[in-house]
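Reader: I'd like a close look at the empty space inside this protein. Please take me through it slowly, since I'm new to this.

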Amino acid sequence: MEGRRGLGYGAAAYFIWGLFPLYWPLLEPAGAVEVLAHRIVWSALTMALVVLLLRRTGQVRSSLADRRVLAYLVLAAAVISINWGTYIWGVSNGRVTEAALGYFITPLVTVLMGVLFIGERLRPAQWAALGLAAVAVLVLAVDYGGIPWVAAALALSFGTYGLAKKKANTGAVESLAIETVVAAPFAAAYLGFLAWQGSAVFGTVSSGHTLLFLTTGIVTAIPLVLFGASATRVSMVAIGILQYLAPILQFALGVLWFHEEMPAARWAGFGLVWLALVIFTFEAIGHRRRQLRLAAEATAV
């Protein structure tokens, strides 16, 4: 039951994230760092309200008192800030398809981290998928004229975030509240600096534009709470499979909505990534079915 619930939470989170390329450009002409800072501050305020409404203050205090849990949540706060900032910059600078590439690669990075840090084991076909993905990255690096750093930063930061959440193993609401509160003072200091310089965009365009800034907390909190609830209920491999949803939507938006360039070599690189994901997914599904069959046979005996 918990596993099914975790899969549902994860699917909803990634569907919302897949639509983000339509949202962040609405905050222009604000720069990526200003948008990131507002996102952190308003998310912290939103989560503080959620904690109070759900009466989770006791759980938050318990997590703060556990040094091990707090250390992992501080790490999660750092890497998710990097992830947010990179993604906002990429979407605002015509790199939606490259951002999608990062999230296509993320499932493979996630399961590799599961192997390296949690002790999860991969089977031969899964290792083959990882090798094929590595070749795809090399092909794309040649096409881009260098490592696609937006994709690389997104994959590594979000893979690390998932690992930190798995290790912390605390409630989704509590963990997100702590993560955003940890990062909020730095974000608020930057916004104060912009205001002192007179270069802040917030509040200078229109009332509608200002209201959009205020929604960044809600837009951020909902999928992250869903993801946190999923990460503590399902395996790293399952999280990797769920992560396909967001980049599929992002890639479609990049090509069909934003009309970003996709030369032949880039299509070839993406094709190799997709082939790796197909191999990985079908192998995982087949393995799951075998496990269920063996479990059923054992129960029958």
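Author: Let's start with the labels: helices are DSSP runs of H or I with at least four residues, strands are E runs of at least two, and both are numbered from the N terminus. This is a predicted model, where local features need pLDDT of at least 70, side-chain atom pairs count only at pLDDT 80 or more, and totals for chains, interfaces and linings use all residues. Residues are numbered from 1 along each chain as its sequence is written, and side-chain values use heavy atoms, with hydrogens and water left out.

Now for the gaps. On a 1 Å grid over the protein atoms alone, a cavity is a set of points where a 1.4 Å probe fits but cannot get out; a pocket is an open set with protein on both sides within 12 Å along at least five of seven lines; lining residues have an atom within 4 Å of a point. Points are joined across faces, edges and corners, and the volume is the space filled by probe spheres set on them.

Two cavities in this structure reach 30 Å³ or more. The largest cavity holds about 160 Å³ of space. Try finding its centre on your screen: 15 residues line this cavity, and W17, F20, N83, Y103 and F158 are the ones that lie nearest the centre. Which helices do the lining? Two or more residues each come from α1 (2–18), α4 (67–92), α5 (96–118) and α12 (245–257). Of these, α4 provides the largest share, with four residues. Sort the wall by class and you get ten nonpolar residues, four polar ones and one charged one (Ala, Val, Leu, Ile, Met, Phe, Trp, Tyr, Cys and Pro count as nonpolar, Asp, Glu, Lys and Arg as charged, and the others, Gly among them, as polar).

Next comes the second largest cavity, with a volume of about 40 Å³. Here's the full guest list: I40, A77, I80, S81, W84, L176, E179, T180, A183 and L224 line the second largest cavity. Helix α4 turns up again here, and both α4 and α8 (172–197) supply at least two of the lining residues. In this lining, seven residues are nonpolar, two are polar and one is charged.

What about spaces that are open? The second largest pocket has a volume of about 240 Å³. Its lining is made of 14 residues, and I105, V109, A133, V137 and A155 lie nearest the centre of this pocket. Helix α5, which you met at the largest cavity, gives two or more residues to this pocket too, as do α6 (124–144) and α7 (149–168). The classes in the pocket lining are easy to remember: 14 nonpolar, no polar and no charged residues.

While you're around α5 and α6, look at the loop between them. R123 lies in that loop and pairs with E283 in helix α13 (residues 264–300), so parts that are 160 residues apart in sequence get tied together. Their link is a salt bridge, and the closest N and O atoms are 2.6 Å apart. There are five salt bridges in total, if you count a side-chain nitrogen of Lys or Arg within 4 Å of a carboxyl oxygen of Asp or Glu.

Two other loops have backbone quirks to look up. Between α1 and α2 you'll find P29, and the peptide bond leading from E28 into P29 is cis, with omega near 15°. R55 sits in the loop between α2 and α3 (57–65). Phi of R55 is positive, near 55°, even though R55 isn't a glycine.
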